[in-house]
Amino acid sequence: MQEQAFFNEGERVGVLTTQPLDRCLDYRAPEGGCHLGAYVEVPLGPRRVLGVIWGPGAGDFDSAKLRPVNRVLDVAPMRDEMRQFLTKSADYTLTPLPAMLRLATRAPGLSDPVSMRKVLRPTGQMPDRMTDARERVLSAVEEYGGLAFTAKELADLAGVTTSVVKGLVKQGALRDEEAPRDLPYPRLDPDLPGKTLTEDQAAAANTLGEGVAGGRYGTTLLKGVTGSGKTEVYLEAVAATLRAGRQALVLLPEIALTAEFLKRVEQRFGATPAEWHSGATMTERRRVWRMVGQGKAQLVIGARSALFLPYQNLGLIIVDEEHDTSYKQDEGVCYNARDMAVLRAAMCSAQVVLASATPSLETWVNAEAGKYKRLDLAARFGSAVLPEMRAIDMRAEKLPASTWISPTLKQAMTARIERGEQSLLFLNRRGFAPVTICRACGGHVTCDHCDSRMVEHRFMKRLMCHQCGETKPVPDACPTCQVEGKMAPVGPGIERLGEETAALFPEARIAVLSSDLFASARALKQRIEEIAAGEADIILGTQLVAKGHNFPLLTLVGVIDADLGLQGSDLRAAERTFQLMRQVAGRAGRADKPGEALMQTFQPEHPVIRAILSGDEEAFWRAEAAERQAAGVPPYGRMAGIVLSGPELPAVMDLGMALARNDGPLRQIGAQVFGPAPAPIARIRGRHRVRLLIKASKGTPLQDAIARWIKPARLKGDLRLSVDIDPQNFF
Ligand code: ADP
Ligand code: ZN
């Protein structure tokens with residue numbers, strides 16, 4: 001453990017609290033003193049709040065009035081590198097430091113005293129009579145050397161009854177002891193035999209392993225089509241990290257998808273790693289936080305906020321599916337976990353691996369420029385080949401009104417059913433139909449709180465707002481013209497596609513995978529496992545299915561509307577469509593059966609569709625990069641969004657206009673301001689949202705200019721301002 005500076009009792013210390021204040025507060029070090037970085041409880045007015053000893057006190061507050069720190073929490077002090085990381089990420093994202101600290105202390109019960117429990121420890125004394133069962137218990141104790149278990153846990157581990165364990169206590173071979181309730185994680189064994197890697201994979205794994213052994217910072221793009229073994233390869237980098245005695249973190253985009261993943265990790269290392277996500281229980285989160293902080297969790301599998309855990313010795317961060325947009329948090333503290341992972345790693349001399357079949361343009365450009373290393377896995381593992389991809393030109397297909405499965409696609413599906421293989425239809429639209437329109441006046445139903453159109457969800461017989469989740473019944477009469485019985489669904493949603501599929505294939509077993517159709521992540525996981533085991537002929541899915549599931553029997557992917565997503569004026573639309581289509585297509589033919597991907601499109605000559613079909617990815621990225629460069633947008637220029645919100649639109653607009661008029665600090669660095677304009681989501685939960693967009697050249701002090709620009713802004717009443725550096729949506 002690193003040597004931290006120490007403050008003696010009574011010395012003046014500066015404490016950063018999680019309260020929204022703009023600076024550290026001074027206190028006196030408590031009885032017994034405290035380390036720099038110690039987590040403490042301090043008095044603030046009548047309350048006691050959580051804080052961290054951030055440095056010596058500033059000294060401008062009357063010493064006589066200085067209050068002492070209440071107590072030092074029983075957790076390892078925050079390391080210097082973590083304080084640096086929080087400071088730098090606060091500076092980068094223009095987030096107040098206390099909000100950053102809140103991200104880093106999001107474990108319940110941190111300030112509770114550690115609760116104790118009775119555990120058993122070996123005494124070194126042998127029992128008078130050794131039996132098989134006793135032997136098993138003692139070897140379990142040895143195997144988990146250093147870990148403490150209760151009698152019940154030990155019995156379970158050894159596969160014996162608790163009376164065997166109690167017998168050993170009576171014999172003096174084990175004795176009772178008090179230990180903290182939070183259980184350490186079982187030891188992961190990096191030296192268990194992994195899979196035998198192909199030449200390609202082994203070369204990539206070696207390079208990553210060397211990077212880890214070097215003990216310095218470095219970022220590598222690990223690129224390879226779905227199924228090429230990226231996971232196998234980076235698990236070897238994890239193994240190298242564990243061998244080096246350092247901690248590893250694997251970030252995944254969607255936590256619902258880890259059942260299969262955790263099983264793989266367990267198979268590789270012989271025990272389950274720590275898991276960090278919002279769905280975990282309070283006790284589990286607390287345990288992870290504490291154990292990571294004590295260096296007793298070697299590997300964490302987590303969602304983006306796992307970056308803010310208090311690692312003691314972090315040596316490797318994997319960002320799997322690095323292009324995934326869910327890594328970007330754009331409410332509250334706006335940060336991109338991928339970029340923060342790189343920053344975090346630089347602070348603690350760790351390696352980063354960005355894994356993807358379809359990297360983000362930012363990452364691709366960084367690799368081209370030599371800032372990141374790049375490793376390519378060329379082929380899919382084993383005999384699996386990339387599916388053959390073809391467009392179905394919808395202009396030439398004859399379909400009955402309000403149906404979406406073309407005769408060509410239907411034929412391909414029929415062939416799969418006859419062969420006992422699976423088909424997947426992909427449509428990235430939840431619900432029954434994207435709009436419900438009045439056939440009398442053309443009016444539609446909008447959400448009362450947001451400005452979005454409500455989407456019919458037939459399974460729950462209601463309309464739902466995809467922005468805020470608000471639901472209401474489908475009205476009989478049109479809310480605009482009051483005419484009754486004329487409200488009709490228009491366009492395809494995944495549920496409606498389900499009805500069409502059932503009508504076309506009455507005998508088939510159909511599974512609809514859409515996040516809102518499952519009561520819990522567990523239910524979804526279960527369904528996915530059933531499908532993988534062959535309990536469905538046709539799978540219908542939203543973008544949920546684009547991500548890393550293995551369906552060995554799947555040989556056909558039909559993309560219902562490949563044009564969806566090409567229409568947006570969003571600059572990233574092409575990139576997103578490209579990524580999504582490639583990912584979906586990658587679902588087919590993973591095992592030993594070759595796959596086929598058919599894309600229904602009305603514009604087969606569109607450059608994005610052509611790039612997807614030709615498979616010439618490098619050409620696609622080069623063209624995209626050139627376009628971004630010409631437009632001066634990321635990654636070639638810099639952008640930031642300022643979102644203003646409030647209950648009354650005029651007040652929000654006024655603030656926006658005032659900011660736009662007084663743009664001196666921005667002009668000084670040659671930046672431009674656009675707006676105010678309605679934010680991409682113009683109203684959320686009754687709050688109007690207006691956005692200003694800032695565009696600047698690379699290498700200009702953008703954050704500094706923005707900070708000076710917004711500082712004088714008057715946030716009267718219920719007005720809020722939030723900064724989003726590198727926003728996902730440009731326009
Ligand atoms: P990716 O992460 O690129 O999608 P995976 O690592 O998940 O690819 O590999 C796809 C499938 O192939 C998995 O089931 C994996 O276990 C298997 N696989 C990949 N490489 C090997 C190997 N060298 N030996 C055995 N199985 C492998
Ligand atoms: Zn709404």
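This is a guided tour of a predicted model, with a selection to make at each stop. In this model, local features need pLDDT of at least 70 and side-chain atom pairs count only at pLDDT 80 or more, while totals for chains, interfaces and linings use all residues. Residues are numbered from 1 along each chain as its sequence is written, and chains are lettered from A and ligands numbered from 1 in the order in which they are written.

**First stop: strand 6 and its partners**

Select residues 47–56, which form strand 6. Strands here are DSSP runs of E with at least two residues, numbered from the N terminus. Two strands pair if DSSP finds at least two bridges between them.

Add residues 12–17, strand 2, which pairs with strand 6 in the antiparallel sense over 5 bridges. Within this pairing, Val15 has Ile53 as its bridge partner.

Next add residues 39–44, strand 5; its antiparallel pairing with strand 6 runs over 6 bridges. Here Glu41 is matched with Leu50 of strand 6. Strand 5 and strand 6 form a hairpin with 2 residues between the strands, and Gly45 takes a positive phi near 55° in that hairpin.

**Second stop: the cysteines at 438, 441, 478 and 481**

Select Cys438, Cys441, Cys478 and Cys481, which an unreviewed UniProt entry annotates as "binding site". They are spread over 44 residues of sequence, yet they cluster in space, with a largest C-alpha distance of 8.5 Å. UniProt positions follow the numbering used here, feature names are shortened, and annotations may be inferred rather than shown by experiment.

Centre on Cys438, in strand 21 (residues 435–438). Is Cys438 buried or exposed? Cys438 counts as buried because it has 21 C-beta neighbours inside 10 Å. The classes are buried for 20 or more other C-beta atoms within 10 Å of a residue's own, exposed for 12 or fewer, and partly exposed in between, with C-beta atoms placed from the backbone. Beyond four places in sequence, the residues that Cys438 touches include Cys478, Cys481 and Met487; contact means C-beta atoms, placed from the backbone, within 7 Å.

Move to Cys481, in the loop between strand 24 (471–473) and strand 25 (487–490). Cys481 is partly exposed, since 13 other C-beta atoms lie within 10 Å. Its contacts beyond four places in sequence are Cys438, Ala440, Cys441 and Gly443.

**Third stop: the cysteines at 447, 450, 465 and 468**

Select Cys447, Cys450, Cys465 and Cys468, where UniProt (unreviewed entry) also places a "binding site" feature. Cys447 lies in the loop between strand 21 and strand 22 (455–457) and is buried, with 24 C-beta neighbours inside 10 Å. Finish at Cys465, in the loop between strand 23 (462–464) and strand 24; Cys465 is buried, with 22 other C-beta atoms within 10 Å.

Terms used:
Helix = DSSP H or I, 4+ residues; strand = E, 2+ residues; numbered from the N terminus. Contact = placed C-beta atoms within 7 Å.
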